[in-house]
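Grab your viewer and a pencil. Here are a few short exercises to work through on one model.

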Amino acid sequence: MIDGTRVALEIASRPALRKLRTADWAVPESDSEADILQFMRHNTRTIFHPVGTCAMGTVVDAELRVHGLQSLRVVDASVMPTVPRGNTNAPTIMVAEKAADLIRGLPPLPRAAQTRAAAGLVAGA
């Protein structure tokens, strides 16, 4: 991160970009490692949606029940063991739909019905 910040600052200082900038906006106080770290702590954010804090297998079982507790399930992106490559919205909806079926005690769909549902061919899907 420190090296990446230095590279970004170097690129921004090149003549082709420098003439487009009217003033420095968000930059570290200096090129020192301490100043860059302080700058990163106050000015950077992740673009990823946090997942995995209650990862399936370690915190919850395959039915999203919290290990060692009764009547508690986790139904959100935190049960995902790894970060999906894309946005977490659709996978989180899938987790919630599956959890709803588990809570209601519905059996899994037969494989052929799953394929049709995924393709949007089943009424109400």
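Below are four exercises, each with a worked solution.

**Exercise 1.** Work out which helix has the lowest mean pLDDT and which the highest.

*Solution.* Start with the whole chain: this is a predicted model, and its average pLDDT is 87, with 89% of the residues scoring at least 70. Now go element by element: helix 5 (residues 111-118) sits at the bottom with a mean of 70, while helix 3 tops the list at 94. Keep in mind that coordinates shouldn't be read in detail where pLDDT is low.

**Exercise 2.** Decide whether Ile36 is buried or exposed, and find what it touches.

*Solution.* First place it: Ile36 belongs to helix 3, which spans residues 33-43. Next, check the area: Ile36 has a relative accessible area of 0%, under the 20% cut-off, so it's buried. Then list contacts, skipping residues up to four places away in sequence: Ile2, Thr5, Arg6, Pro28, Ser30 and Asp31. Finally, take the C-alpha distance to Met1: 9.0 Å in space, for a pair 35 residues apart in sequence.

**Exercise 3.** Classify Ile11 by accessibility and name its surface patch partners.

*Solution.* Ile11 is in helix 1 (residues 2-13). Its relative accessibility is 44%, between the 20% and 50% cut-offs, so call it partly exposed. Together with Val7, Leu17 and Leu20, Ile11 makes a nonpolar surface patch of about 370 Å².

**Exercise 4.** Locate Ser78 and find its contacts beyond four places in sequence.

*Solution.* Ser78 is in the loop between helix 3 and helix 4 (89-104). At 11% relative accessible area, Ser78 is buried. Its contacts are Val51, Gly52, Thr53, Cys54 and Ala55, leaving aside neighbours within four places.

Key. Residues are numbered from 1 along each chain as its sequence is written. This is a predicted model: local features need pLDDT of at least 70, side-chain atom pairs count only at pLDDT 80 or more; totals for chains, interfaces and linings use all residues. Side-chain values use heavy atoms; hydrogens and water are left out. Patches are made of residues with over 30% relative accessible area and no salt bridge: like charges are joined within 9 Å, nonpolar side chains (Val, Leu, Ile, Met, Phe, Trp, Tyr) within 5 Å. Accessible areas come from the Shrake-Rupley method with a 1.4 Å probe; for residues, only the protein chains shown count as cover. A salt bridge is a side-chain nitrogen of Lys or Arg within 4 Å of a carboxyl oxygen of Asp or Glu. Helices (H or I, at least four residues) and strands (E, at least two) are DSSP runs, numbered from the N terminus. Buried means under 20% relative accessible area, exposed over 50%, partly exposed in between (1.4 Å probe, protein chains only). Contact means heavy atoms within 4.5 Å. pLDDT is the predictor's confidence in each residue, from 0 to 100.
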